[in-house]
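Colleague: I want to learn how to read helix packing and sheet order from a model. Can you take me through a case?

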Amino acid sequence: MVVSGFVAQCQRDLLLAFRQRSEVLQPLLFFVLIISLFPLGVGPGPQILQKIGPGIVWVAALLSAMLGLERMFRDDFNDGYLEQMLLSPTPLPVLVMAKVVSHWIVSILPLIIVSPLLALFLNLTSGMLQALVLTLLLGTPVVSLLGAIGVGLTVSVQRGGVLISLLLLPILVPLLIVATAAVDAATVQLPYQGQILILAALLLLSLALAPVAAAYALKVSLE
Amino acid sequence: MNSLRAEALVCIKNDRQLFGPLTFSVPAGAILYVRGPNGAGKTSLLRILAGIAQTTEGGVYFNDQNIARHSLYSSELNYIGHISANNLRLSALENLNAWCALQQVSPIPDLYGLLAKLGLTGLEDLPVVQLSAGQQRRVALARLWLKPSAVWILDEPYTALDVEAIKLLEEYIAQHAAQGGIVVMTSHQPPSAKLDVNQLTLEYQW
């Protein structure tokens, strides 16, 4: 019962994302634009680009993820679907998890898929690229999960977009530091297993806590 | 026999007491018609009865069990709020199918027939945003036919409906009550005399 509720919610959200393709593609476009502007802005020196590349990709990924976050619950709150979610026999945290998963697939997975191409712009070596994709795969779900809490808290506030970024970005700073440290280590071919394990720990922690916290935040917003 | 009972409900919003303490009970087969001026707390009361909002004091009991601890209450409940819970980008069929999946009920095989009965022939596959307000309301009300449930909580079900649709809905409400169902509804337009309702009047409190 829980599984079928999860799958049904994912299907609905993916169908909806497909219906609003142009809105969904915005984060991807934003991501590509930021990264392609950097080589033009700081000059094409390969050493400089290689030095700042991992940071640029990660900052761009964080900011693009912020763009799409509000979509997660906004429409459902406005049209009353969230009330129906609350009355579903499927527990609300499970439905929230389904929404987080579909949000990650729709808004963030495309960013990770194009990142090898963008790594070329920034003169990243293949070792760095490997580390970068690994950190993105482990780190960006944390953004979606914590984002669900932020959106849940601010969904009843109209125009909560900037508020979400203000709430979330400070919390995501450790993620940024650890992830870019891993890629920096890969630059000089040092092992970066430690950083990867820290990212995995952050992911597991937010997987365990965020759906419950976001569900509670949504209940409070619906009061 | 099912019953829904409210005991000493008090609702306080923005430091204003909307209503309370309110005690009433709705036995099986009864229709409770909640009336009152704008801002009297009708929607708040219905949301509390549905278990979406929490009451400040008191409690709601379904079959003598507090709904906050009643795990099966939501599967016995059909709540239609004053906003219709249809996603505007999805079609009527997609909305209803998604809702059935969410509520874990299997959609009836003849969904087209149901929509035709509600006067939506030919509009099944259009995005709901292209339908009129009354048609969107009909899509929402189709949910009453999809989920067998003991308790119906309907917030302004008549809004934007035409005379025929109201008649169809009232007949269906009467049939539900005759079969031992419980209905709690609000409306600014009084239900027709054919419907045997108990009235609950909420006054605007300063």
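Modeller: We take a helix pair in chain A, then a sheet in chain B, and the model is a predicted one.

Colleague: How are two packed helices described?

Modeller: By the angle between their axes and the distance between the axes. Here, take helix H2 (residues 21–42) and helix H3 (residues 46–69) of chain A. Their axes come within 9 Å and cross at roughly 155°.

Colleague: How do H2(A) and H3(A) run relative to each other?

Modeller: Angles over 145 degrees count as roughly antiparallel. H2(A) and H3(A) are therefore roughly antiparallel. Their crossing is right-handed.

Colleague: Which residues make the contact?

Modeller: From H2(A), they include A:Phe30, A:Phe31, A:Ile34 and A:Phe38. From H3(A), A:Ile56, A:Val57, A:Ala60 and A:Ala61 are among them.

Colleague: How many of the contact residues are nonpolar, polar or charged?

Modeller: The split is 16 nonpolar, 3 polar and no charged.

Colleague: Now the sheet. In what order do the strands of chain B lie?

Modeller: The order is S2-S1-S4-S5, in an open sheet of 4 strands with antiparallel pairing.

Colleague: Which are the edge strands?

Modeller: Strand S2 (16–27) and strand S5 (65–66) of chain B. Each pairs on one side only.

Colleague: How many bridges join S1(B) to S2(B)?

Modeller: 8 bridges, with strand S1 (residues 3–13) antiparallel to S2(B). For one residue pair, look at B:Leu4: its bridge partner in S2(B) is B:Val26.

Colleague: What packs on the sheet?

Modeller: Helix H1 (residues 42–50) of chain B does, touching S1, S2 and strand S4 (57–62). The direction of H1 makes about 130° with that of S1(B).

How values were computed:
Residues numbered from 1 in each chain as written. Chains lettered and ligands numbered in written order. Predicted model: local features only at pLDDT ≥ 70, side-chain atom pairs only at ≥ 80, totals over all residues. Axes fitted to C-alpha atoms, helices over the stretch in contact; angles between N-to-C directions. Helix = DSSP H or I, 4+ residues; strand = E, 2+ residues; numbered from the N terminus. Parallel < 35°, antiparallel > 145°, perpendicular 65-115°, else oblique. Left-handed = near helix turned anticlockwise from the far one by under 90°. Contact = placed C-beta atoms within 7 Å. Nonpolar A, V, L, I, M, F, W, Y, C, P; charged D, E, K, R; others polar. Pairing = 2+ DSSP bridges.
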